[in-house]
Amino acid sequence: MLSRLFAPKVKVSAHCDLPCGVYDPAQARIEAESVKAVQDKMAANDDPHFQARATVIKEQRAELAKHHVSVLWSDYFKAPHFEKYPELHQLVNDTLKALSAAKASTDPATGQKALDYIAQIDKIFWETKKA
């Protein structure tokens, strides 16, 4: 009797952790923009203390960007997305590799490459939101 009283009355489902609206590639883009901005500043300042602080910040931001891309891949994108966009797995992998390269580099070109990949993920993400 008690089990029926406390049994759910309505079954619900969502294709992600929560009903949509909590995922957005903008989070990864903002962090990657910070990576590139730090790289630009590092190129213009040769103070070793500045360089040390900037390196820590750049690496933290790159790690956060990688986290946000990974969350999109594992929690937002589902089988129908991968079927419609078969390049998505490789694109996410390339993005994560580019962010790792930017994390390890002071060259702003590496930060820009990561941003370019994130822009491609962003395009696919918003196409899936229209569907």
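Hi everyone, here is a short tour of the fold, the nonpolar core and the aromatic residues of this protein chain.

Before we start, please keep in mind that this is a predicted model.

Let's begin with the overall layout. The protein chain has 6 helices and 0 strands, so to speak an α-α-α-α-α-α pattern when you read along the sequence. There are 131 residues in the chain, and 34% of them count as buried. On the outside, the accessible surface comes to about 8300 Å², with 59% of that belonging to carbon and sulfur atoms. And how do the contacts run along the sequence? If we take the contacts between residues at least 6 apart, 74% of them join residues at least 24 apart.

Now to the inside. In soluble globular proteins, nonpolar side chains tend to be buried together. Here, the largest nonpolar core has 22 residues. Val69, Leu72, Phe77, Leu88, Leu99 and Ile121 are the ones with the most contacts inside this core. Which elements give two or more residues to it? They are α2 (26–43), α3 (48–76), α5 (88–104) and α6 (108–130). The biggest giver is α6, with 7 residues.

If you'd like one residue to click on, try Leu99. Setting aside neighbours within four places in sequence, Leu99 is in contact with Ala32, Ala62, Ala65, Lys66, Val69, Ala114 and Ile118.

My last topic is the aromatic residues. A search of the whole structure turns up 5 aromatic pairs, and I'll show you two of them. In one, Tyr23 and Tyr76 are tilted, at 6.0 Å centre to centre with 55 degrees between the planes. Tyr23 sits in the loop between α1 (2–6) and α2, while Tyr76 is in helix α3, so this pair ties together parts that are 53 residues apart in sequence.

Tyr76 also pairs with Phe125: the ring centres are 4.7 Å apart and the planes are at 50 degrees, so this pair is tilted as well. With Tyr76 in helix α3 and Phe125 in helix α6, the parts tied together here are 49 residues apart in sequence.

Are these three rings buried or exposed? Tyr23 is buried, with a relative accessible area of 10%. Tyr76 counts as buried at 1%, and Phe125 is buried at 0%.

To put the rings in context, Tyr23, Tyr76 and Phe125 belong to one aromatic cluster, along with Phe77, Phe82 and Trp126. Phe77 may ring a bell: that residue came up among those with the most contacts inside the largest nonpolar core.

That's my tour, thanks for listening!

Terms used: Residues numbered from 1 in each chain as written. Predicted model: local features only at pLDDT ≥ 70, side-chain atom pairs only at ≥ 80, totals over all residues. Heavy atoms only, no water. Helix = DSSP H or I, 4+ residues; strand = E, 2+ residues; numbered from the N terminus. Buried < 20%, exposed > 50% of the residue type's maximum accessible area, 1.4 Å probe, protein only. Contact = heavy atoms within 4.5 Å. Areas by Shrake-Rupley, 256 points an atom, 1.4 Å probe, with all protein chains shown as cover. Core = buried A, V, L, I, M, F, W, Y, C linked by side-chain atoms within 4.5 Å. Phe/Tyr/Trp six-rings, centres within 6.5 Å; stacked < 30°, edge-to-face > 60°.
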